[in-house]
Amino acid sequence: MKEDILDFQNLKAQIIFAEESSDEETFHQDDLVQLFPYGLSVTGDISRPFLLLKDESHTHTLPVAVSPIEAGVALSQSNKSIAESTPHKFTELLMQSLGIEVKQAVFVEIKGANQYVRLYLTGHPKTNSIKVRADEAMSLCLHLDTPIFATRNYIGRSKVMNAAVESNSHVLQNMSGEKPRYLN
C-alpha cells in the first residue's frame, strides 16, 4: 500500500525541471563577466532567498538561490556597523596556514534547481579547482573577497531557472500538503 503513495519530494524536482542542463559550461577567461554582491531578495518563499550579483555596469544580474542560513551569514558579514562575525573565520585561517587561496569562483553548471560554482585554487598540492553547489559557497566567497564570474549564457539560463522555481513554488507547497511555518 505504501508504494501507491506519491513521493512529493522527488515529484517536485521532476515537475519544475524536466530538462536538466547538467553539462558543465566551458568558457575562456575573456567570456566571463565579473559579478559583485548587490543585495538579497526574499520573495514569497522565505525558504529560498536569492543573493543578487551584478556586474559593474549593472547590465547583468545573476540571481543565486541560497539557503536561509547562507543568506543570514552573507547579511551579517556585510553589516559594517557591528563587530565582524562569521562562521568562515576558521576556514580562512586553515587555508592561510596551508597556503591555499581561492583565486576565483566561476558559475559553471545548473543541475535541477541547483547552481554550481567552480572554485579555482592555488597552493593545494593535488587540486586546482573544486566544484560545489553555489548555495553552499557564496558567503565563504564573499568573506574571502573572491572574485566571482559567470558567462552571459549562464546568467540567462539562471534567470530562466529561478523564474520557473518562483512561479511554481506556491504550487509545490500546496502539493506537499505542508502548512506554512512561522517563527514566533
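Modeller: A residue counts as buried when its relative accessible area is under 20%. Keep in mind that this model is predicted.

Biologist: What percentage of the residues in the protein are buried?

Modeller: The protein has 184 residues. Apply the cut-off of under 20% to them. The buried share is 39%.

Biologist: How many helices and strands does the protein have?

Modeller: Read along the sequence, the pattern is α-β-β-β-α-α-β-β-β-α-β-α. Each α is a helix and each β a strand. The totals are 5 helices and 7 strands.

Biologist: Take contacts between residues at least 6 apart in sequence. What percentage join residues at least 24 apart?

Modeller: Contact here means heavy atoms within 4.5 Å. Among contacts between residues at least 6 apart, the share joining residues at least 24 apart is 57%.

Biologist: Where do the buried residues of helix H2 lie around its axis?

Modeller: Helix H2 covers residues 68-78, and its buried residues are Glu70, Ala71, Val73, Ala74 and Gln77. Seen down the axis, they fall within an arc of 160°, so they line one face of the helix.

Biologist: Which elements do the buried residues of H2 pack against?

Modeller: Those residues include Val73 and Ala74. Their packing partners are strand E1 (32-41) and helix H4 (138-143).

Biologist: Is glutamine 115 buried or exposed?

Modeller: Glutamine 115 lies in strand E5, residues 114-122. Its relative accessibility is 3%. The cut-off is under 20%, so glutamine 115 counts as buried.

Biologist: Which residue's backbone oxygen lies 3.0 Å from a polar atom of the side chain of glutamine 115?

Modeller: The side chain of glutamine 115 belongs to a buried residue. One of its polar atoms lies 3.0 Å from the backbone oxygen of proline 63.

Biologist: Which side chain makes a polar contact with the side chain of threonine 61?

Modeller: Threonine 61 is in strand E3, residues 61-65. It is buried, at 17% relative accessible area. Leaving out residues up to four places away in sequence, threonine 61 touches Leu52, Leu53, Lys54, Ile155 and Lys159. The polar contact, at 2.9 Å, is with the side chain of lysine 54.

Biologist: How far apart in space are threonine 61 and arginine 152, C-alpha to C-alpha?

Modeller: In sequence, threonine 61 and arginine 152 are 91 residues apart. In space, the C-alpha to C-alpha distance is 9.6 Å.

Biologist: Which residues form a nonpolar patch on the surface?

Modeller: Start with phenylalanine 90 in helix H3, residues 89-98. At 59% relative accessibility, phenylalanine 90 counts as exposed. The patch has about 320 Å² of accessible area together. Its members are Phe90, Leu94 and Leu98.

Biologist: Which residue forms a salt bridge with glutamate 92?

Modeller: Glutamate 92 is buried, with a relative accessible area of 16%. Its partner is partly exposed, at 36% relative accessibility. The two are 3 residues apart in helix H3, so about one helical turn separates them. The closest N and O atoms are 3.4 Å apart, and the partner is lysine 89.

Biologist: How many residues apart in sequence are the parts that glutamate 24 and lysine 131 tie together?

Modeller: Glutamate 24 and lysine 131 form a salt bridge, with the closest N and O atoms 3.6 Å apart. Glutamate 24 lies in the loop between helix H1 (8-16) and E1, and lysine 131 in strand E6 (residues 129-133), so the pair ties together parts whose separation in sequence is 107 residues.

Biologist: In which strand is glutamate 109, linked to lysine 131?

Modeller: Lysine 131 also forms a salt bridge with glutamate 109, and the closest N and O atoms are 2.4 Å apart. The two residues are 22 apart, in distant parts of the chain. Lysine 131 is in strand E6, while glutamate 109 is in strand E4.

Biologist: Which residues are linked in a network of salt bridges?

Modeller: Lysine 131 pairs with glutamate 24. Lysine 131 pairs with glutamate 109 as well. The network consists of Glu24, Glu109, Lys111, Arg118 and Lys131.

Notes:
Residues numbered from 1 in each chain as written. Predicted model: local features only at pLDDT ≥ 70, side-chain atom pairs only at ≥ 80, totals over all residues. Heavy atoms only, no water. Helix = DSSP H or I, 4+ residues; strand = E, 2+ residues; numbered from the N terminus. Buried < 20%, exposed > 50% of the residue type's maximum accessible area, 1.4 Å probe, protein only. Polar contact = N/O pair within 3.5 Å; in protein donor to acceptor, adjacent residues only side chain to side chain. Patch = residues over 30% accessible without salt bridge, like charges linked within 9 Å, V, L, I, M, F, W, Y side chains within 5 Å. Areas by Shrake-Rupley, 256 points an atom, 1.4 Å probe, with all protein chains shown as cover. Salt bridge = Lys/Arg side-chain N within 4 Å of Asp/Glu carboxyl O. Arc of directions from axis to C-beta.
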